[in-house]
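Let's look at a few residues together and see where each one sits and what it touches. Have the sequence at hand as you read.

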Amino acid sequence: MNEAFAPLPLGRRPEGRTLVTASWVVGHKDGSHRLLQNGEVVFENGEILFVGHRFSGDVARRIDFGNALISPGLIDLDALSDLDTTILGIDNHPGWAKGRVWPRSYVKAGPYEMYSQEELAFQKRFAFGQLLLNGITTAAPIASLFYREWGETAAEFDAAADAAGELGLRVYLSPAYRSGGMVLEKRGEIVPVFDEERGLQGLADAIAYIERQTGRHGDLVRGVLAPDRVETSTLRLLQRTDAAARDLGVKFRLHMAQGTMEVDTVRKLHGSTAPVWLAKAGLLSDRLIAPHATNATEEDLALYAANGVSIVHCPLVSSRGGSTLNSFSACRKRGINIAMGTDTAPADMLMNLLVGLITCRINDRAPDQVRSADLFDAATLGGARALGRPDLGHLSPGARADIAVFDLDDTIMAPSIDPITTLVTGGSGKVTRAVFVDGRVSMLDRKLAGIDMEKARVQAQAQYDRLIAKYPERSWANAPVSEIFSPSYPIEVDAHG
């Protein structure tokens with residue numbers, strides 16, 4: 001990286017105009033991305049002033065990133081914000097016996113918080129750091145409620161807002177809530193239980209949080225309502241959520257059409273799929289952001305398209321569990337807006353784009369229905385459309401200066417004439433060299449302001465180990481950890497160590 005004039009200040013917004021250049025820049029024209037060879041981007045006070053060649057104005061600093069791609073920052077609308085527990089189910093089955101659903105014995109004993117408020121606050125900060133290291137500049141966090149007493153708390157999200165402001169990440173926040181949960185009654189039999197008033201109180205807390213936090217940290221913090229899952233939501237809760245989203249001018253995210261347990265439960269409760277149920281209640285609109293759609297029927301997808309619902313596609317976590325969006329290209333042809341999410345560890349959006357490309361081509365049984373650029377669009381323009389943010393997801397004058405710089409000289413990258421194809425098919429979040437959020441230098445050369453990720457990794461592992469030790473309390477028959485999560489191969493220990 002060659003610097004001229006003033007250097008970049010990590011953790012702060014540079015004073016005066018900053019010009020960044022590289023071998024490739026993703027510009028924007030007539031509503032779509034354009035590639036600029038040896039292009040330049042100029043920004044000041046968090047706003048992009050110029051994208052093109054040979055800027056003629058004065059600048060305070062000029063940074064040449066060399067053989068790299070200067071890109072819009074990636075947008076993650078299902079961003080993991082805790083310590084990932086989905087990876088525990090990759091090789092450990094069946095899921096109902098592995099602590100993913102509360103057994104009745106645990107419910108009777110009284111569910112409790114398995115992390116302290118301090119641990120939850122740390123996890124948000126650690127997760128936000130991981131997002132920035134992977135070129136993600138805007139995130140709507142998601143966390144599991146399986147190990148919670150019920151829903152998320154305003155206190156932990158107050159801490160999350162402060163972490164986002166200190167690290168320099170654009171976030172859409174509010175505590176998740178629910179009016180029900182799934183309970184394991186006996187081997188393999190999972191039933192919903194409801195406490196609607198508790199869900200309505202959670203919604204009230206989320207509304208108050210959004211009213212209090214929106215616009216903080218230089219407008220990096222905004223709100224999104226987050227009822228947890230459709231099968232754990234009552235109609236009254238969703239009706240009030242939709243009304244609150246309209247009144248607050250925010251979106252609401254609801255996981256649905258994502259798994260067989262949900263589909264079967266909703267059919268038993270309401271006699272249809274979740275999208276059909278919501279459509280009959282008038283609750284499908286462009287306010288709704290809906291991960292994951294992997295179990296959506298043709299009727300469901302037609303309703304999404306007709307009502308402006310955005311899908312959040314999380315191909316890595318879905319395909320690891322044996323399901324896919326069928327298909328990315330078919331949803332695009334219907335006119336459905338597709339955004340992207342990571343929803344698991346690693347928080348590697350580039351890896352998700354590759355898995356999304358592969359699974360779409362397998363589902364389509366053809367390579368010509370989807371291109372690398374289509375996935376890249378979803379991670380940038382699609383996320384911005386879902387949020388209703390025309391000033392995000394692209395690099396053009398007037399847009400916010402949310403920028404990611406990806407190294408094309410990294411040894412893991414193959415030679416290529418096209419940087420987008422190279423990045424999607426052979427890249428990784430590890431090639432992210434710099435991240436600017438609202439013009440602030442949030443990450444530079446794998447360093448973050450406000451957190452030492454190497455030390456944080458040790459702390460995260462210690463918290464995770466303590467959580468795993470508690471799994472027998474909320475697993476079927478209270479089996480020991482060694483049976484719940486058996487090792488890939490037998491473990492031998494040093495008897496004298």
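A residue counts as buried when its relative accessible area is under 20%, as exposed when that area is over 50%, and as partly exposed in between (1.4 Å probe, protein chains only). Asn 352, at 0% relative accessibility, is therefore buried, and so is Asp 78 at 0%.

This is a predicted model, in which local features need pLDDT of at least 70 and side-chain atom pairs count only at pLDDT 80 or more, while totals for chains, interfaces and linings use all residues. Residues are numbered from 1 along each chain as its sequence is written, and side-chain values use heavy atoms, leaving out hydrogens and water.

Helices (H or I, at least four residues) and strands (E, at least two) are DSSP runs, numbered from the N terminus.

| Residue | Place |
|---|---|
| Asn 352 | helix α12 (residues 349-364) |
| Asp 78 | strand β9 (residues 74-80) |
| Arg 400 | loop between α13 (372-387) and β20 (403-407) |

What does Asn 352 touch, not counting residues up to four places away in sequence? Its contacts (heavy atoms within 4.5 Å) include Cys 314, Met 340, Gly 341 and Thr 342. With the same neighbours set aside, Asp 78 has among its contacts Arg 253, His 255, Cys 314, Met 340, Gly 341 and Thr 342.

Now for Arg 400. Beyond four places in sequence, Arg 400 touches residues including Arg 13, Glu 47, Arg 170 and Asp 438. The side chains of Arg 400 and Asp 438 are joined by a polar contact of 2.8 Å; such a contact is a pair of N or O atoms within 3.5 Å, where within protein one must be able to donate a hydrogen and the other to accept it, and residues adjacent in sequence count only if both atoms are side-chain atoms.
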